[in-house]
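Okay, thanks everyone for coming. I'd like to walk you through one structure today, so have a look at it first and then we'll go through a few spots together.

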Amino acid sequence: MKVLLTGGEGYIGTVLGPLLLEGGHEVHVYDTGFHRVGWLYDGVTAAPQWSRLDTRLTEPRQLGGYDAVIHLADLSNDPVGELNPELTYEINHEATVRLAGLAKAAGVERFVYASSCSVYGASAGESEELSSEESPTAPITAYAKCKVRVENDLRPMADSSFTPVFLRNATAFGASPRMRFDLVVNELTAMAYLDRKLVLESDGTPWRPFVHIRDISKAAMCAMTAPAEAVRAEAFNVGDSRANYQVRDICRIIGEEIPGCEVIIGEQGGDTRNYRVDFTKINTQLPGFSCDWDVRKGVAELREIFDRIEFDSSILNSRRHRRLKQIQYLVDTGQIDEQFFWKV
Ligand SMILES: NC(=O)c1ccc[n+]([C@@H]2O[C@H](COP(=O)([O-])OP(=O)(O)OC[C@H]3O[C@@H](n4cnc5c(N)ncnc54)[C@H](O)[C@@H]3O)[C@@H](O)[C@H]2O)c1
């Protein structure tokens, strides 16, 4: 297939792009390139062609000839989204809906959208029930509200010639050449590797869902190639039954995978909210999908990369691997303007 991958220069995109190429697809990346400096290690055999393009400025001709769009381009976490919520709505919501409209008008059949389990918000915490795709959404932040708005605006666009699919990804972890250390499993693993110690003040009982970026990538490819009737206007939580972890178990797994790492878990109750998600639908209804990774395997993979690259604290704390710090830096140094457009 001929695939347009937006956001393909980011954390997930630099893993997904090469996987699409390996799968025999033709891939073109559109990305504004906020995080291109954040290269952690050389881990790709082939990279798709890249055009620097802001999704807000996409022109109709730029969608012509594609079979599918996989849309990852976003301000990609809550703190960045809160910097300027209005701008977040412009990029994450309005530009996405516009892009989908242009794709549909250009005859693109499939539109795979990277949504998030954050659409369930705190509601998941108030009961013992797992959030399924049927559960009500209750997004809290601008970032999460945009995910819900996009899904709601794209669903009515579905018809026999246009198939939007919504992948509600759990919080990602795992190694990517364009690494993020503002994600909890990645950051805790890096801290444990450097300090050989992990201290959790609270008892770490809250539940959180996590999924490896290679499984996110696999889900995107399955959603792109599945028969349209199986996925048209459907939302899928991306993960599997192993994807819900208690925070203390994450720490214990990391402690077991990082040699000589001491793990201390406190006794105080802290955050009482649980976010547990039901991943039955994707594992039973998305053809070809099952997860290949869990946190233990992802931590072992990170440890091997850290060994190879002489990982140190300057890398861990660099703006290059933290979305908020990098965006703030680009604004403060006048490289992007208040609307996050590159200055000439
Ligand atoms: N990483 C996670 O835990 C996670 C979880 C759920 C959903 N998602 C979603 O997956 C997608 C990718 O996430 P990621 O972790 O790879 O994020 P990322 O920040 O690493 O990548 C996002 C990319 O989008 C680009 N981008 C941002 N604004 C743009 C614009 N206006 N025009 C063109 N390009 C633009 C950035 O330059 C960046 O390369 C996002 O939509 C995110 O919301 C991620």
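Let me start with a question: which side chain makes a polar contact with the side chain of aspartate 74? That would be lysine 147, at 2.6 Å. Before I go on, bear in mind that this is a predicted model.

So where does aspartate 74 sit? You'll find it in the loop between β4 (68-71) and α2 (78-83). Buried or exposed, then? Aspartate 74 comes out at 18% relative accessibility, and the cut-off for buried is under 20%, so it counts as buried. Setting aside the neighbours within four places in sequence, aspartate 74 is in contact with Ile91, Asn92, Thr96, Tyr113 and Lys147. Keep Tyr113 in mind, as that name comes back with the cavities: Tyr113 is among the residues lining the second largest one.

Next stop, helix α5, residues 184-195. This helix has 12 residues and runs 16 Å from its first C-alpha to its last, close to the 16 Å you'd expect at 1.5 Å a residue. Its buried residues are Val185, Asn186, Leu188, Thr189, Ala190, Ala192 and Tyr193. What do they pack against? The list is β7 (171-173), β8 (197-202), β9 (207-212), α8 (247-257), α10 and α11 (313-317). Right after the helix comes arginine 196, and its phi is positive, near 55°.

Let me zoom in on tyrosine 193 in that helix. With 12% relative accessibility, tyrosine 193 counts as buried. Its side chain makes a polar contact with the side chain of aspartate 307, at 2.5 Å. Beyond the neighbours within four places in sequence, tyrosine 193 touches Ile258, Arg303, Phe306, Asp307 and Phe311.

On to helix α6, residues 213-225. Here we have 13 residues and a reach of 18 Å from first C-alpha to last, close to the 18 Å expected. How many of those 13 residues are buried? It's 10, so the helix is mostly covered. Among the buried ones are Ile216 and Ala220, and both of those also turn up in the lining of the second largest cavity.

Which brings me to the empty space. Searching the whole structure gives 4 cavities of 30 Å³ or more. The largest has a volume of about 70 Å³. It is lined by 14 residues, with Phe210, Val211, Asp240, Ala243 and Trp293 closest to its centre. β9 contributes the largest share of that lining, 3 residues. By class, the lining splits into 8 nonpolar, 2 polar and 4 charged.

The second largest cavity holds about 50 Å³. The elements giving two or more residues to its lining are β5 (110-116), β6 (163-169) and α6, and β5 gives the most, with 3. This lining has 10 nonpolar residues, 1 polar and no charged ones.

Last thing, a pocket. The second largest pocket has a volume of about 190 Å³. Of its 14 lining residues, Val15, Tyr41, Gly43, Val44 and Arg214 lie nearest the centre. Two elements, α1 (13-22) and α10 (295-309), give two or more residues to that lining, and α1 gives the most, with 5. The classes here are 8 nonpolar, 3 polar and 3 charged.

That's what I have, so let's open it up.

How values were computed:
Residues are numbered from 1 along each chain as its sequence is written. This is a predicted model: local features need pLDDT of at least 70, side-chain atom pairs count only at pLDDT 80 or more; totals for chains, interfaces and linings use all residues. Side-chain values use heavy atoms; hydrogens and water are left out. Helices (H or I, at least four residues) and strands (E, at least two) are DSSP runs, numbered from the N terminus. Buried means under 20% relative accessible area, exposed over 50%, partly exposed in between (1.4 Å probe, protein chains only). Contact means heavy atoms within 4.5 Å. A polar contact is a pair of N or O atoms within 3.5 Å; within protein, one must be able to donate a hydrogen and the other to accept it, and residues adjacent in sequence count only if both atoms are side-chain atoms. On a 1 Å grid over the protein atoms alone, a cavity is a set of points where a 1.4 Å probe fits but cannot get out, and a pocket is an open set with protein on both sides within 12 Å along at least five of seven lines; lining residues have an atom within 4 Å of a point. Grid points are joined across faces, edges and corners, and a volume is the space filled by probe spheres set on the points. Ala, Val, Leu, Ile, Met, Phe, Trp, Tyr, Cys and Pro count as nonpolar, Asp, Glu, Lys and Arg as charged, and the others, Gly among them, as polar. The expected span of a helix is 1.5 Å times one less than its number of residues.
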